[in-house]
Amino acid sequence: MKKLKDLLNEVLPNFNSPFEAYDWVMNRRAHAIDIEMDMMTTNKEIQQLYKDMEQEAEGTGGPVADRYAKEISALEKRHRDLRDDFEKVMAEIDEYDAM
């Protein structure tokens with residue numbers, strides 16, 4: 001299995017000018033910020049669902065609790081996927097900065 005650094009060396013583009021390098025890294029940083037904002041929004045949605053579930057769901061479980069659990073699970077998976085994407089983008093930026 002390849003190390004992350006080896007994979008990044010294959011992914012990072014070769015730049016023809018300093019402007020191309022700057023443009024690339026700024027686009028990656030903007031993408032990381034977008035992912036981070038999506039993560040924060042998803043986290044707020046999860047927190048809101050937990051609050052809503054507390055108010056509406058049956059204490060012993062049931063269809064309402066099951067519906068909330070399904071929605072929360074889907075959002076938590078989305079948050080994990082976003083975190084993975086964020087870590088990949090940040091690893092690319094870190095590799096670029098180390099060049």
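Five salt bridges were counted in the chain, which is described here from a predicted model. Side chains of opposite charge can pair when their charged atoms come close. One of the salt bridges joins the side chains of Asp97 and Arg29, with an N to O distance of 3.0 Å. This pair links distant parts of the chain, since Asp97 belongs to helix α3 and Arg29 to helix α2, 68 residues apart. Asp97 has a relative accessibility of 44% and therefore counts as partly exposed. Arg29, at 32% relative accessibility, is likewise classed as partly exposed.

A salt bridge is also formed between Glu56 and Arg67, whose closest N and O atoms are 3.9 Å apart. Glu56 is in helix α2 and Arg67 in helix α3, so this pair ties together parts that are eleven residues apart in sequence. Glu56 is partly exposed at 47% relative accessibility, and Arg67 is partly exposed with a relative accessible area of 39%. Glu56 and Arg67 are also members of a network of salt bridges, in which they are linked with Glu71.

Within helix α3, a salt bridge is found between Asp81 and Lys77, with the closest N and O atoms 2.8 Å apart. Asp81 and Lys77 are four residues apart in this helix, about one turn. Asp81 counts as partly exposed because its relative accessibility of 34% is not under the 20% limit for buried residues and not over the 50% limit for exposed ones. Lys77, with 43% relative accessibility, is also partly exposed.

The secondary structure of the chain consists of three helices and zero strands, and the order of elements from the N terminus is α-α-α. Helix α2 covers residues 18-56. Its 39 residues reach 57 Å from the first C-alpha to the last, close to the 57 Å expected at 1.5 Å a residue. Helix α3 spans residues 63-98 and is part of what covers the buried residues of α2. Among contacts between residues at least 6 apart in sequence, 71% join residues at least 24 apart.

Of the 99 residues in the chain, 25% are buried. The buried residues of α2 are Ala21, Trp24, Val25, Ala32, Ile35, Met39, Thr42, Ile46 and Leu49. Thr42, one of the residues of helix α2, has a relative accessibility of 2% and so counts as buried. When neighbours within four places in sequence are left aside, the contacts of Thr42 are with Leu75, Arg78, His79 and Leu82.

A pair of aromatic rings is described by the distance of the centres and the angle of the planes. The count for the model is one aromatic pair. The ring centres of Trp24 and Tyr96 are 5.7 Å apart and the ring planes stand at 50°, so the pair is tilted. This pair, too, links distant parts of the chain: Trp24 lies in helix α2 and Tyr96 in helix α3, with their positions 72 residues apart in sequence. Both partners fall under the 20% limit for burial, Trp24 being buried at 16% relative accessibility and Tyr96 at 19%.

The accessible surface of the chain comes to about 7400 Å², and carbon and sulfur atoms account for 53% of this area. A nonpolar surface patch is formed by Phe19, Tyr22 and Met26, which together have about 350 Å² of accessible area. Tyr22 lies in helix α2 and is partly exposed, with a relative accessible area of 48%. Helix α2 thus contributes Tyr22 to the surface patch, while Trp24 is listed among the buried residues of α2.

Technical notes
Residues are numbered from 1 along each chain as its sequence is written. This is a predicted model: local features need pLDDT of at least 70, side-chain atom pairs count only at pLDDT 80 or more; totals for chains, interfaces and linings use all residues. Side-chain values use heavy atoms; hydrogens and water are left out. Patches are made of residues with over 30% relative accessible area and no salt bridge: like charges are joined within 9 Å, nonpolar side chains (Val, Leu, Ile, Met, Phe, Trp, Tyr) within 5 Å. Accessible areas come from the Shrake-Rupley method with a 1.4 Å probe; for residues, only the protein chains shown count as cover. A salt bridge is a side-chain nitrogen of Lys or Arg within 4 Å of a carboxyl oxygen of Asp or Glu. Helices (H or I, at least four residues) and strands (E, at least two) are DSSP runs, numbered from the N terminus. Buried means under 20% relative accessible area, exposed over 50%, partly exposed in between (1.4 Å probe, protein chains only). The expected span of a helix is 1.5 Å times one less than its number of residues. Contact means heavy atoms within 4.5 Å. Rings of Phe, Tyr and Trp (its six-membered ring) pair if their centres lie within 6.5 Å; planes under 30 degrees apart count as stacked, over 60 as edge-to-face and the rest as tilted.
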